[in-house]
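Here's a quick look at salt bridges and a sheet in one chain. Have the viewer open while you read.

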Amino acid sequence: MEFDVKMDARSLSGFVLYHNYVRPGGIIGVFLSVAAIVALIIRWDHWTGVQRCLLIVLALLFLVFQPLMLLQKANTQLHSGVFDKPMHYNFGEEEFSISQGTSEENFKYIDIRKAVIHKSVIYIYMTTVSAFIIPKNQCEEYFDELKNRLKK
């Protein structure tokens, strides 16, 4: 099973948002923002103007500002030159390899830390902070086969 993946903004942005919001810090941040919105609505008359402003800022912090910063980070990373050339994936029975230009790395399936499978993308984590991103639209004919192989 061989295919090339040319990273696009949508795939990279989706990964960055997913990765940051499924971690404990992201979940806590969303909870704090939602709690600030609820507190603001329920007790509007009890807050002073300064307190209302602080609650609004807290509400926007993790629901608007942080996602915008993460999307900017993904965009910067996309245009940094790392993703100029497509990544070539070759999935064998026992191991898989990933190459880009003249560089190539081989991995065993057992070394995969975690595989996250969504309906339109697969994230293959080899470390806790980085993953190989495989969008369905770039490997359409192999996507289901790859999902099954990673589930084993």
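A salt bridge here means a side-chain nitrogen of Lys or Arg within 4 Å of a carboxyl oxygen of Asp or Glu. By that rule, this predicted model comes out with 4 salt bridges. Three of them, among those found, are set out below.

| Pair | Closest N and O atoms |
|---|---|
| Arg149 and Glu93 | 3.3 Å |
| Glu145 and Arg149 | 3.5 Å |
| Lys108 and Glu95 | 3.9 Å |

Arg149 turns up twice, and Glu93, Glu145 and Arg149 are linked in a network. How far apart in the chain are Arg149 and Glu93? They sit 56 residues apart, with Arg149 in helix α4 and Glu93 in the loop between β2 and β3. Arg149 is buried at 17% relative accessibility, while Glu93 is exposed at 64%. Glu145 shares helix α4 with Arg149, 4 residues away, so about one helical turn separates them. Glu145 itself is partly exposed at 38%.

The Lys108 and Glu95 pair joins strand β4 to strand β3, so it ties together parts 13 residues apart in sequence. Lys108 is partly exposed at 45%, and so is Glu95 at 36%.

Now for the sheet. It's an open, antiparallel one with 3 strands in the order β5-β6-β7. β5 and β7 are at the edges with a single partner strand each, so one side of each has no neighbour in the sheet. β6 and β7 pair over 5 bridges, and Tyr123 has Ile133 in β7 as its bridge partner. Helix α4 lies across β5, β6 and β7, at about 35 degrees to β6.

Methods
Residues numbered from 1 in each chain as written. Predicted model: local features only at pLDDT ≥ 70, side-chain atom pairs only at ≥ 80, totals over all residues. Heavy atoms only, no water. Pairing = 2+ DSSP bridges. Helix = DSSP H or I, 4+ residues; strand = E, 2+ residues; numbered from the N terminus. Contact = heavy atoms within 4.5 Å. Axes fitted to C-alpha atoms, helices over the stretch in contact; angles between N-to-C directions. Buried < 20%, exposed > 50% of the residue type's maximum accessible area, 1.4 Å probe, protein only.
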